[in-house]
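User: I'm new to this structure and would love a close look at one part of it. Could you take me through it step by step, in plain words?

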Amino acid sequence: MSNKRIRKIVIVGGGTAGWMAASAIAHVLKNNYADITLIESQAIGTVGVGEATIPQIVNFQTMLGLDENEFVARTNATFKLGIEFVNWSSQGSRYIHPFGSYGIEMEGIAFHHFWLKQRNLQRAKGARVTPLSDYCLQAVAAKRNLFMRPVQAPNSPLEKIAYAFQFDALLYAQYLREIAESKGVKRIEGRVVDTHLNSENGYIEKLTLDNGQEIDGDLFVDCSGFRGLLIEEALETGYEEWTHWLPCDRAVAVPCESVGDPEPYTRSTAHQAGWQWRIPLQHRIGNGHVFSSPYMSDEEATKILMQNIDGKPLADPRILKFVTGRRRKFWNKNCVAIGLAAGFMEPLESTSIHLAQSAIAKLLAFFPQEEIKPVDVDMFNAMTVTEYEQIRDFLILHYHQTQRTDSDFWNDVRTMEIPNNLTQRMELYRETGRIFRQNDELFTDTSWLAVMDGQELDTSAYHPVVDAMGEDELLARLNNIRDVVMNSADVMPTHRKFIDDNCKASQHAS
Ligand code: FAD
């Protein structure tokens with residue numbers, strides 16, 4: 001075994017990203033391979049938001065060997081089958097971006113091509129168009145407030161219920177802290193006030209805390225939040241800003257009392273200069289209004305939020321400021337930035353916690369055998385840039401593909417120049433009905449379809465092979481698929497009952 005290998009890992013920050021990194025690294029690097037220290041400052045605190053996730057988080061919990069029912073109960077969590085978008089395409093519009101797929105592939109052709117032809121036929125007859133969501137179990141279950149985990153049921157959509165969680169961010173960090181500490185992570189309470197760099201190679205050598213204590217390390221993980229204490233303040237890595245495409249730069253957040261049973265989905269409601277999230281947990285609802293400060297004042301944004309929450313507020317509204325974009329390098333010298341320190345895109349598709357998870361997985365995959373190798377660092381950075389840009393383009397689609405003309409904000413995002421790749425994808429769908437997932441990107445073709453169709457990107461095209469099927473057969477097969485989805489939903493319990501039976505929270509803190 002080499003003398004040069006990483007022996008001391010220092011994580012700065014004890015928010016969701018810091019404790020996710022600590023628990024996962026400690027879990028994977030077993031047998032005292034390295035000392036892992038996490039430094040956090042309660043005086044500084046965490047961002048305290050970040051409560052909706054996407055299905056990939058299930059893999060993270062499984063990797064850590066967590067008992068899912070215990071995790072749900074401990075974090076006051078609920079289940080999430082997708083996101084409902086209200087008023088995004090036009091005032092009064094509504095659609096769900098579900099986590100599952102639509103229908104099934106037929107004759108080797110994606111389902112939606114058959115649906116597109118059916119839609120043409122229904123439109124031509126002046127008949128009601130059967131919405132895409134009728135062919136997706138998650139979308140149907142979300143609308144009917146139903147939930148269950150997948151079960152063995154051959155050829156049934158009940159076998160493939162993808163889901164995520166909505167949880168209390170503070171309780172989640174606490175929960176992960178317990179797990180990390182049980183796996184040997186050492187926690188130090190204190191504020192980092194100085195970072196010492198090696199004068200020859202610029203690597204971080206040690207950190208000084210406010211009590212004078214010095215912490216040295218071989219590898220530093222910067223989970224210090226937006227400021228990027230190590231990656232930016234010490235290493236001056238630089239930041240690429242994307243506010244010209246995603247102009248929201250603030251959020252005002254407030255929790256409120258629950259009203260009725262928690263829905264198994266997050267809601268995003270568009271307003272004049274941004275949008276509002278609604279995340280139902282077991283004990284409360286998380287709310288926030290993401291907005292663009294050049295178009296709306298903090299006071300107006302707060303007023304809109306407070307007028308549009310369902311229950312009694314449980315705290316004073318809190319303003320958070322952010323700059324959308326990414327670090328120029330996520331891994332720089334012996335420092336890897338994870339979480340908000342790495343970059344930020346608004347939580348429209350709940351991607352931040354996933355990006356932290358993905359960075360941790362990549363760090364473990366590229367974990368240096370001996371000294372840090374530039375080839376590893378370059379590959380890590382290139383993969384992360386691609387990941388960020390793909391998510392960025394998906395978010396831009398929501399804003400750009402709108403019919404809204406009721407404010408300067410919507411007029412500007414509707415008419416702005418967008419990245420070429422996104423233009424091509426939109427054109428491809430408009431002209432041919434085709435959608436392809438590119439290079440293993442996070443969002444599948446189902447996700448792109450849900451948002452393109454939901455935002456009323458129209459097409460009359462479909463794959464030519466669909467015409468080989470007679471119209472009667474096409475309608476019969478689509479009706480059959482719809483029936484299977486509806487019948488499957490009929491056997492699901494309500495979301496509330498599933499939680500009460502399996503993972504009801506015992507505490508109602510935070
Ligand atoms: P933080 O929570 O800010 O933690 C930073 C840590 O660093 C703290 O422990 C702090 O004490 C410590 N620290 C900082 N400086 C020092 C210092 N000098 N010395 C010692 N310690 C220090 N993500 C989602 O996936 N889904 C969502 O629904 C979602 N909603 C969001 C809504 C908003 C408005 C915002 C802003 C973000 C949202 N996010 C969401 C992102 C999510 O909140 C973050 O990805 C997640 O909380 C991780 O944050 P973090 O741990 O990187 O940073």
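What domains does the domain assignment of the protein chain give? I'd like to zoom in on the place where domain 1 and domain 2 touch, and then see a few spots elsewhere.

Analyst: Happy to help! Please keep in mind that this is a predicted model.

Let's start with the domains. The assignment gives domain 1 as 8-79 + 167-241 + 324-372, domain 2 as 92-162 + 396-495, and domain 3 as 252-321. Domain 1 and domain 2 have contact through 13 residues from domain 1 and 11 residues from domain 2. Taken over C-alpha atoms, the centres of these two domains are 36 Å apart.

How much surface goes into that contact? The size of an interface is often given as the accessible area lost when the parts come together. Between domain 1 and domain 2, about 1,000 Å² is buried, and carbon and sulfur atoms give 64% of that area. On the domain 1 side, three residues stand out: Pro55, Phe79 and Glu349 supply 48% of the area that domain 1 buries against domain 2, more than any other three residues.

Now for the polar side of the interface. The count between domain 1 and domain 2 is 1 salt bridge. Arginine 149 forms a salt bridge with glutamate 68, and their closest N and O atoms are 2.7 Å apart. Across the interface, 6 residue pairs are in polar contact. Two elements, α3 (68-74) and β3 (78-80), each give two or more residues to the side of domain 1 that touches domain 2. The residues on that side divide into 4 nonpolar, 6 polar and 3 charged.

A good next stop is isoleucine 499, which sits in helix α15 (residues 495-502). Leaving aside neighbours within four places in sequence, isoleucine 499 is in contact with Ala77, Thr78, Phe79, Gln282 and Lys504. You met Phe79 above, among the three residues that supply 48% of the area domain 1 buries against domain 2. Isoleucine 499 has a relative accessible area of 0%, so it counts as buried. Its C-alpha atom is separated by 17 Å from that of valine 58, a residue 441 places away along the chain.

Next, let's look at helix α13 (residues 445-454). Because 9 of its 10 residues are buried, α13 is largely enclosed by the rest of the structure. The buried ones are Thr446, Ser447, Trp448, Leu449, Ala450, Val451, Met452, Asp453 and Gly454. What covers them includes β5 (94-98), α4 (111-125), α10 (374-400) and α12 (420-432). After α13 comes glutamate 456, whose phi is positive, near 65°.

Finally, here are two loop residues to set side by side. Serine 292 lies in the loop between β16 (285-291) and α8 (298-307), while lysine 312 is found in the loop between α8 and β17 (318-321). Serine 292 is buried, with a relative accessible area of 0%, whereas lysine 312 is exposed, at 56%. Not counting residues up to four places away in sequence, serine 292 touches Pro247, Cys248, Asp249, Ala273 and Phe409. Lysine 312, with its neighbours within four places set aside, is in contact with Pro255, Cys256 and Glu257. Cysteine 256 is 56 residues from lysine 312 along the chain, yet their C-alpha atoms are separated by 5.3 Å.

Conventions:
Residues are numbered from 1 along each chain as its sequence is written. This is a predicted model: local features need pLDDT of at least 70, side-chain atom pairs count only at pLDDT 80 or more; totals for chains, interfaces and linings use all residues. Side-chain values use heavy atoms; hydrogens and water are left out. Domain bounds come from an automatic or database domain assignment. Contact means heavy atoms within 4.5 Å. Buried area is the accessible area (1.4 Å probe) that two parts lose on being put together, summed over both. A salt bridge is a side-chain nitrogen of Lys or Arg within 4 Å of a carboxyl oxygen of Asp or Glu. A polar contact is a pair of N or O atoms within 3.5 Å; within protein, one must be able to donate a hydrogen and the other to accept it, and residues adjacent in sequence count only if both atoms are side-chain atoms. Helices (H or I, at least four residues) and strands (E, at least two) are DSSP runs, numbered from the N terminus. Ala, Val, Leu, Ile, Met, Phe, Trp, Tyr, Cys and Pro count as nonpolar, Asp, Glu, Lys and Arg as charged, and the others, Gly among them, as polar. Buried means under 20% relative accessible area, exposed over 50%, partly exposed in between (1.4 Å probe, protein chains only).
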